[in-house]
Structure formats: C-alpha cells, structure tokens
Amino acid sequence: MSRRGLVVAGGTALTASAAGCGWFSTDADSEGGGGGDKGPEAPMLAERVEAGDLPPVDERLPNEPLVVNVTESMGVYGGTWNTVITGASDGPWLWRTANDGHLLERSRDWEEIRPNIASSFEQNDDASEFTITLREGVKWSDGEPLTTADVDFAFNDVALNEELTTAVPTELSSPDGTPIELEIVDDYTFIVRFNTPKPLFREDMAKGVSGQRFTMYPRHYLEQFHIDYNENAEDEAIDEGFDGWVARFTNLGHLWNFMWENPDLPTLLPWKCVRPVSDSDHALFERNPYYWKVDEEGSQLPYMDEVRYDITTDVETMFAHAINGDYEFHSRHFNDNAHRADAVDNEASGGYTVIELESSYSSDMNIAFNMNHRDEGLREVFQDKQFRIAMSHAIDRQELIDVLWNRVGEPTQAAPRPESKYYDEEFATQYLEFDTDLANEILDDAGYELSGDTRTAPNGTPLEFAVIVADDALLGSVWIDALDMIKGMWEEVGVTIHINSQPRENWQNAVNEFEYDATVWTGDGGNIDEATSCYWYMPAGPGGGAFFARQWSELYTNGDTQEELVAEPPAHVEEQWDLYDQYQTEPDRATREELFKQIIEIAKEQFYAIGTVRGQGGWALVSDRLRNVGGAMPQNPTYGTPGPAAPEQWYITEDE
C-alpha cells in the first residue's frame with residue numbers, strides 16, 4: 001500500500017442570486033443596472049443572439065452565476081490578450097492563463113478558499129466525507145448542462161479506468177491508496193467518502209489539475225470515444241489513424257494536454273480553443289458564450305474577446321516582442337534578472353509597466369545530488385552529509401549575487417522563506433559561510449583524499465560528476481552561468497563537475513529515470529505550498545518527488561518501485577513519512593502544522609540539498625491598456641500565476 005463541521009456555502013461575497021430579471025435585461029436603463037453601458041453580454045455574442053445562433057444570455061447563465069468582484073473598475077468588452085508560449089509543451093502557461101473549472105478556488109492573496117463550480121462544499125466532523133453541490137445551470141461551452149453525470153463519468157469511467165489512468169490520482173484516494181467512494185445524490189449533489197480523514201481534500205479541490213478531476217470531462221461528448229459506451233470505438237479509432245480507442249480518447253479529451261488541442265472539446269473555461277496550440281505560428285482561444293461568471297453589474301465575463309498565444313521557442317524573440325509592447329500580460333520565459341533592466345528601460349516606448357512578482361521560492365537555484373544513484377560509489381558519496389556540507393561551504397554565494405543576480409539577493413539554503421509559518425532561521429542560514437579552507441578540512445576529515453586536482457572518496461570513487469540542467473527552464477541560462485562559476489569554486493576543493501545542459505523534456509526524462517548525478521531546480525515550497533511541494537524537505541511531493549531521492553519518493557507515493565530499490569530508505573526518511581501520513585489525516589490545522597514542523601526539523605538536521613541565492617523574485621510585463629490586473633502577486637507554480645488574479649475580469653481600454 002502507498003503511504004500517503006466546515007461549510008463553504010453560498011459564497012455571499014462572490015455569488016449572487018439571479019433573482020430580478022433586470023440583471024439580464026438588454027435595456028441598459030432597466031432596474032438592476034442591466035450591465036450598465038456595456039450591456040449584459042459581449043457585442044459579439046449579442047449579434048449571435050440577434051441572428052438566432054445563440055439563446056439569450058439569461059438562458060446561457062446558471063441560476064446563480066458566480067459574481068466576480070472587479071479588482072479596480074468595471075470593465076468594457078472587446079480586445080485580444082496577446083501573449084506567447086514555446087509550443088505544446090508549454091502547458092503550464094496555458095493552464096495559468098485561460099483556465100478555470102475547479103470545484104473551489106483560491107482568493108488572490110491565497111488566504112481564502114471559496115466556491116467556484118461548486119456552490120457548496122460541506123465536510124463532516126473528521127473530514128472523511130464531503131457533500132458537494134454543483135452550481136445549478138452551469139453549461140459546457142456547447143450549451144449542454146454540467147451535472148453529476150459528468151462527475152460520475154470523470155471518476156468511474158476515466159479515473160478508475162486502468163487503460164486511461166495508470167493510477168488513481170492521489171486527490172481521489174485515501175492516504176492508504178484506496179479510491180474514494182462516490183455517491184451521486186441527484187443531478188447536482190454528490191458525496192465523496194474516504195476510508196480515513198482527508199482534510200486536505202478541500203485544498204486539493206481549489207488548485208491545479210486536482211480541483212478539476214470531476215469537472216473537466218464532458219460526458220455527452222467523450223462517451224462516443226469510450227469503449228464502454230461505443231462498442232465500435234476501437235475500430236473507429238484505428239480507422240482514424242490512432243493506435244486504439246485509448247489513444248483517441250486521450251488525444252481528444254485528456255485533462256492536461258489536449259484541452260488545448262481539440263476545438264470540438266466542450267469546456268468550462270472563460271475562453272475556448274478555436275485554433276490549436278499545434279498550429280505553427282499561434283494558437284487562439286475565443287470567449288466561451290456559456291461562461292458562468294458575471295461582474296457585479298451582472299454582465300457576463302470574460303471582458304476580453306480572445307487570447308492569442310504566439311508560438312516561438314526563442315526567448316530573445318519573445319523578449320523583443322515584449323519590449324515592443326506586443327503583449328498585454330506576460331510573466332514567463334524571459335522574466336528573469338538578465339532581462340529585467342532592459343524591460344524597465346523600455347517601459348515608456350513599449351507602453352507597458354513592469355510589476356514585481358512576490359517570489360515564494362526558498363532559493364532561485366537549489367542543488368540536488370542523486371542519493372538514489374545506481375552507481376554504488378557515487379550513491380555513497382551523495383548520501384554523505386559531510387560531503388554536502390563541504391560543497392555548501394565551497395560556494396561563494398555573494399559572488400553569484402554580484403555577478404548574476406544584479407547585486408540583489410541574499411544567500412540561503414533550501415529552507416522555508418522568512419514569510420513562511422515554517423521559517424527556521426537556523427535551517428535557512430546553516431553552512432552558508434564561504435570558506436574554502438573549511439570545506440577542504442571537512443573533506444579531509446571525512447576521508448576524501450586529494451590526488452592531483454581531484455579528490456577520491458574512501459570507497460575509491462573520484463569526485464568527478466555531471467550536473468544536468470534544463471536550459472530552457474525559466475532560469476536555465478542563469479543556472480548554467482551559476483554552475484560555471486561554482487565549477488571553478490569546487491575545483492578549489494578537489495571536486496570536478498561537468499555541466500550538461502539539455503532541453504527540458506530530455507532533462508525531465510533523465511530525472512524521472514534517476515539517470516543523473518546531480519541537478520538544479522527552483523526552490524519550490526519556500527512559501528504558500530511548503531507542505532505540498534515538499535520535495536526539498538523529504539522524499540515525497542508532486543511531479544515525481546524529491547530531486548535528491550527520486551526512487552524513495554516513488555516508494556512513498558506508490559508503495560512500490562518500478563525496479564528494485566538501489567538502497568533502503570534510512571530511518572529518518574521513514575520517520576518523515578510517518579509524520580506526513582499523520583499530517584495528511586489530521587483534521588486539526590494547528591496539529592497538522594506542528595507535524596510538518598517536525599518534518600522540517602529533520603530536513604534541517606539531514607541537510608538533503610544545497611541552496612544558493614534568494615533573489616528579488618520575477619516580474620511581469622503589463623500593458624498600459626490592460627486594467628484590473630491589480631499589481632504585484634505571488635509567483636508560484638501551485639498558485640498558478642496569474643490565475644487567482646482573475647484574468648476573466650481583466651479588460652483592455654484605449655484610455656492611458
């Protein structure tokens with residue numbers, strides 16, 4: 001087996017009753033506001049209603065549409081949000097910009113979890129049972145209603161289908177790996193039962209893919225491709241050039257990738273795909289006529305007509321367009337220190353403003369040695385805490401800051417940030433002193449003998465290895481330059497590294513197969529998502545788990561490993577796993593936090609990974625024509641920047 005009486009109802013501040021037809025009146029002067037001068041719907045949709053192609057807006061909206069409070073001012077309809085992606089693999093940016101459909105959602109400041117697709121969300125006393133009510137009248141983008149029939153299909157026919165889903169998602173399983181029990185009560189209400197308390201289920205339903213597990217598979221469309229509902233699905237799929245029904249179903253309706261590739265797939269997003277990402281030069285998403293949110297005047301959102309994603313793999317080309325003012329909002333790919341000064345210098349000519357993003361990373365570059373290395377000699381070296389301490393003391397972080405971080409930043413370890421409730425100053429500052437003599441002394445005492453320019457471990461293994469880097473990641477170029485500087489620093493203590501930069505896809509494959517000596521990545525889990533993106537503190541967490549112990553992470557998450565364990569997890573890792581098991585099932589928040597603090601304490605003692613520099617955070621480019629963005633916001637993958645800033649209520653104006 002793998003290890004692993006709150007009511008949110010009504011949403012008074014965010015949802016409102018549709019009582020009073022004036023909300024949806026086409027008469028701007030009618031009682032109730034009628035959407036003010038802008039009307040109750042976008043002109044492009046009103047034209048379709050007039051032509052008989054669409055039903056009236058009040059028939060397209062749910063009984064109680066979710067009301068979005070605008071950030072700064074009531075908007076106007078029209079315009080295109082221009083932004084950019086690298087291609088089909090750039091799912092994270094698509095997911096953060098044009099996304100929606102979670103049962104619950106987070107507030108912009110991340111402090112509040114509130115209704116979204118679910119109009120109510122109730123849990124029993126020990127958080128083992130959740131009663132969820134869908135917002136009645138929400139429709140897919142083709143006008144078909146969203147009901148619990150879709151929920152049933154998503155769980156029983158997708159999540160539990162072993163051909164479509166290799167393992168039941170953790171958010172739909174009890175901590176011991178047992179799938180939930182799903183009870184459909186009526187067309188809009190369903191009950192989720194776990195065999196033990198699952199207090200984090202509520203948080204799961206307000207983030208990323210997790211919160212959309214029940215609401216992103218339109219049954220009425222996808223049944224035709226599913227073998228359980230269409231006995232000819234296999235033959236039809238092969239006739240269309242697919243390997244079989246599973247390949248066709250996945251290509252046309254997969255939750256992560258193909259919602260961006262299939263224009264026919266009904267969606268709950270504010271904008272729907274009309275030109276797929278696989279097109280060579282740009283992708284295009286057009287407003288969803290059945291989108292289920294309105295502003296405070298009752299006017300249907302989104303304000304902007306469409307989102308256009310230019311497609312290019314060259315970061316400098318992206319940046320040239322950005323500073324020319326070609327993008328309304330962008331905070332990915334080029335928003336690093338290397339481009340910051342030029343972006344600020346060109347604000348006036350480009351007609352945009354650079355806004356700061358609040359970093360949540362422990363450090364901008366953490367270094368992980370592969371403690372699950374297949375080579376016994378290197379594995380023993382990387383598991384040696386004294387080796388890791390010496391390598392930390394051999395890094396001149398201030399030089400990195402002066403040269404690569406524009407002299408803005410501070411040295412830090414891979415530990416929670418000062419803003420975090422889990423901050424431990426001793427953890428964040430240990431072994432930061434740059435002292436080559438001390439590093440050499442530690443290695444000498446640990447038996448690493450120097451012969452010529454390179455040391456040899458007590459087991460006979462030379463201290464010479466490669467560090468793999470995803471060169472097209474956000475900070476890829478900075479990481480390469482930083483490692484090049486660290487390479488010279490480590491040579492002073494008899495350690496030789498080779499920098500192996502490669503495309504992110506290749507890097508990801510190597511990491512997943514733990515075919516690497518060492519690697520670097522951002523310090524996720526520094527703030528906001530410490531206990532979920534916990535892979536710098538223990539062998540666990542999303543995306544395959546810890547970079548320093550991928551196979552141990554697999555063991556914890558899946559209860560087994562795909563190949564024989566290269567090394568048994570030590571007692572302190574087992575202790576962390578036991579604590580995390582308790583954390584995941586403890587209904588009391590204060591007790592949960594105390595449990596995670598114990599996990600952090602062990603991480604401090606074991607010093608699994610090396611941190612480098614906590615910089616000033618990223619930045620976003622915002623057109624002077626774009627309104628309601630609201631300024632600074634967190635930069636965090638779990639947060640999904642800029643998703644919680646509600647892009648559906650952003651609007652474009654010619655007034656500057």
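Student: What amount of space lies in the second largest cavity?

Tutor: The second largest cavity holds about 70 Å³ of space, a volume being the space filled by probe spheres set on grid points that are joined across faces, edges and corners. The model is predicted, with local features needing pLDDT of at least 70 and side-chain atom pairs counting only at pLDDT 80 or more, while totals for chains, interfaces and linings use all residues. Residues are numbered from 1 along each chain as its sequence is written, and side-chain values use heavy atoms, with hydrogens and water left out.

Student: Why is one space called a cavity and another a pocket?

Tutor: On a 1 Å grid over the protein atoms alone, a cavity is a set of points where a 1.4 Å probe fits but cannot get out, whereas a pocket is an open set with protein on both sides within 12 Å along at least five of seven lines; lining residues have an atom within 4 Å of a point. The residues that line the second largest cavity are M259, N262, P263, L265, T267, L269, W271, K272, C273 and F285.

Student: What is the make-up of this lining by class, and which strand gives the most to it?

Tutor: Seven of its residues are nonpolar, two are polar and one is charged, where Ala, Val, Leu, Ile, Met, Phe, Trp, Tyr, Cys and Pro count as nonpolar, Asp, Glu, Lys and Arg as charged, and the others, Gly among them, as polar. Strand β10 (residues 271–275) gives the most, with three residues; strands (E, at least two residues) and helices (H or I, at least four) are DSSP runs, numbered from the N terminus.

Student: Why does C273, one of those lining residues, count as buried or exposed?

Tutor: Buried means under 20% relative accessible area, exposed over 50%, and partly exposed in between, with a 1.4 Å probe and protein chains only. C273 has 6% relative accessibility, so it counts as buried. C534, with a relative accessible area of 0%, is also buried, whereas R504, in helix α18 (residues 504–512), counts as partly exposed because its relative accessibility is 31%.

Student: How many disulfides does the structure hold?

Tutor: The structure holds zero disulfides, which means that no pair of cysteine sulfur atoms lies within 2.5 Å.

Student: What makes β10 and β11 a pair of strands?

Tutor: Two strands pair if DSSP finds at least two bridges between them. β10 and strand β11 (residues 282–287) have four bridges in the antiparallel sense, so they satisfy that criterion. These two strands form a hairpin with six residues between them, and W271 stands opposite R287 in β11.

Student: Which sheet contains this hairpin, and what makes a strand an edge strand there?

Tutor: The sheet is open and has four strands in the order β3-β13-β11-β10, with mixed pairing. Its edge strands, β3 (80–85) and β10, each pair on one side only. β3 pairs with strand β13 (residues 306–311) in the parallel sense over six bridges, and D310 in β13 is the bridge partner of V84.

Student: Why is one side of β14 and of β26 left without a neighbour in the other four-stranded sheet?

Tutor: That open sheet has the order β14-β24-β15-β26, again with mixed pairing. β14 (329–330) and β26 (633–635) stand at its edges, each with a single partner strand, so one side of each is left without a neighbour in the sheet. Strand β15 (residues 352–359) pairs with β26 in the parallel sense over three bridges, with L357 opposite M633 in β26.

Student: How do you know to what extent β20 is enclosed by the rest of the structure?

Tutor: Five of the seven residues of strand β20 (residues 464–470) are buried, so β20 is largely enclosed by the rest of the structure. β20 and strand β21 (residues 496–502) pair in the parallel sense over seven bridges, and the bridge partner of F465 is I497 in β21.

Student: What are the volume and the lining of the largest cavity?

Tutor: The largest cavity has a volume of about 150 Å³. Its lining has 17 residues, of which N335, D364, L475, G617 and G618 lie nearest the centre of the cavity; by class, six of the lining residues are nonpolar, eight are polar and three are charged.
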